[in-house]
Structures are given as structure tokens and as C-alpha cells.
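Please open the model in your viewer and keep the selection tool at hand. The stops below follow one another, each with something to select and a note on what is there.

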Amino acid sequence: MMIDRSSFGVIGGDRRQLALAESIAEDGFTVYASGFENADFSEDVQKADLRKTVSACTVLLLPLPVTTDGAAVKAEYSNHPIVLNEDFARLLAEHRVFGGMIGKALAACPQLEEVDIKDYYAREDFALRNAAVTAEGAIECAMREYPGTICGSRCLLAGFGRIGSQLAPRLRALGAEVSVTARRSEVAAAIEAIGCHAVPITKLEDGGDYDILFNTVPAVLFTRRVLSVYPRGTLLIDLSSAPGGVDMEAAKKLGICAVHAFSLPAKVAPRAAGEIIKQTVYEMMKE
């Protein structure tokens, strides 16, 4: 691992950042954690307030996403908000900073534009590794919510991007009959090559006798009109980014069992998700 011996400060986050801090410490680095008053770490991770963490560390790691409310750093284990303001940006100056989905934080605190902050979420290697964890979490969610078995079930996936291309073969391997929407002929060919059925995206409005629907497209495809053509009791798992791609109110009224499955890596595999963040940051530091 050819990177500088540095001290890392983990500022805010969820279970992924807990695992991230522990994993970096296991690599032999000094690690401080701020915004974790209600979390337990091993003795290798030192809990400290924001100012001490920043002053002690050369590399600072912000969560994914950096903020959910546009006002403060996401910090599920903190007693006090870490406010996104000019003082926060001033503290981060002269440090190497890495965060996930930084756009909302930059909009909330324009002064962060002056900080050397890089977005690990924007990297393709991160996205692909994270998609694999998301696909596994989606299957866990389906097993929990669907009263039948994946084997023998009829599944329809909306989208064959990073997540869809990871999820489809996993469902197929479990014995599901899998159909996937496609807009282009080359995508349809790739879907068929892994033993799944390619369905034109326009056919989504035609419905079908499916047991489980998965949405991976970050747009509202499952409107009231589309949902109305699927049987009551159909399970719909939305894997797209918030605010999602499903009219949840309409789904409820139509008897569709719709589940928001946002941030699955944090919920179902925080250790693996933390490792992916660490690996990506290490690569960015080497570059």
C-alpha cells in the first residue's frame, strides 16, 4: 500500500464510517473520529471533538452523503450538529478532504469550494463495487418482504446499469425468471447473454404477471398509471437514489407493496461498504 503515512480524521457518518475508521486503524494509521459521541470504537480509534480531529489529522473523511438535510454533516451518532458554514469550511482548509455526494454540501456552504475536497462517490471503481453490495442487499430485502421464494419467482428489473447488471445474474443464479428493461439493442443483447429476458422500456406500462419488481432508474418510472397495470400484492423494491422512482402514495392506494431501499450498503453490509470507501480513498491518494 504505497501511500503516505498519514493521520485520518473521520467526521460524521453512519455504520459505514464506524467500520471505515476501524479498518483504517487496523492498517496502522492514527485515526480520530468526530461526531461519534454515541458510538463505540476499539482503543485504536480516538474519539475527539471536531477541532481536535482537524488539528491532529492531515486527511479528513466526510460521510456518504456528506449531508442529507443541506444544513449539517450527516452524523447519526452525534449529540451536536456539525453545521455546514464558513467556520466549518475554514477548519477544513489546508487539508486533504474526501467525501461522498458532495454537491448538496457545496450548495449549502459555498466556502467549501475553496477546500481541496474530492468526491469518492463520483468514481467509477467506487460505483461498481458499491453496486455489488447494493445488489446483494436488494436480494436480502426481497427475501424478507416476499412471502414466496426467489427460486421460481418472476422478477422484472427496471434498468440495466451498474446495479441492474449486478442484480440480474444474482437473481438468475437463485432460480428466478428475470426480465430486464432495455432502451437500446446492445443492452438487450447483454441482458439476453446472461440468460434473462430483455423487455423494451416502453413495455413497462403494459404490466405483466410478475411477483417482484425492482427499480434502479433514478426517475419516476412507476407513476400511478404504470402501477395500476400490476396486480395487487406485487412487491416493488425501489433501489434508485432518493427521492426515488416510485409514486409511493399511489402504490399504497393500489395495493402494491412498495419498499424504499435507499442506502442499502449502510444497512445490510456496513463493513463491506466501509472497506469500499477506504479502498477508493487509498486509490485517490496514490493518484
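Begin by selecting R154 and D211, which form a salt bridge whose closest N and O atoms are 3.1 Å apart in this predicted model. R154 lies in strand β7 (residues 154–158) and D211 in the loop between β9 (197–200) and β10 (212–215), so the pair ties together parts that are 57 residues apart in sequence. With a relative accessible area of 30%, R154 is partly exposed, whereas D211, at 14% relative accessibility, counts as buried.

Next, select D14, R16, K74 and E76, which are joined into one network by salt bridges that share partners. Within this group, the side chains of K74 and D14 meet at 2.9 Å, N to O, and the two residues are 60 apart in the chain, K74 being in the loop between β4 (59–61) and α3 (86–92) and D14 in the loop between β1 (7–11) and α1 (15–26). Both K74 and D14 are buried. K74 also forms a salt bridge with E76, with 3.9 Å between the closest N and O atoms; E76 counts as exposed, at 53% relative accessibility, while the value for K74 is 12%. In total, the structure holds 20 salt bridges.

Finally, turn to helix α5 (residues 124–145) and helix α11 (residues 270–286), which pack at an angle of about 170 degrees with their axes 10 Å apart. Because of that angle, α5 is roughly antiparallel to α11. To display the contact, select D125, F126, R129, N130 and V133 of α5 together with A272, I276, I277, Q279 and T280 of α11; by class, this contact has five nonpolar, three polar and two charged residues.

Notes. Residues are numbered from 1 along each chain as its sequence is written. This is a predicted model: local features need pLDDT of at least 70, side-chain atom pairs count only at pLDDT 80 or more; totals for chains, interfaces and linings use all residues. Side-chain values use heavy atoms; hydrogens and water are left out. Axes are lines fitted to C-alpha atoms, for helices over the stretch in contact, and angles run from 0 to 180 degrees between N-to-C directions. Helices (H or I, at least four residues) and strands (E, at least two) are DSSP runs, numbered from the N terminus. Angles under 35 degrees count as roughly parallel, over 145 as roughly antiparallel, 65 to 115 as roughly perpendicular and the rest as oblique. Contact means heavy atoms within 4.5 Å. Ala, Val, Leu, Ile, Met, Phe, Trp, Tyr, Cys and Pro count as nonpolar, Asp, Glu, Lys and Arg as charged, and the others, Gly among them, as polar. A salt bridge is a side-chain nitrogen of Lys or Arg within 4 Å of a carboxyl oxygen of Asp or Glu. Buried means under 20% relative accessible area, exposed over 50%, partly exposed in between (1.4 Å probe, protein chains only).
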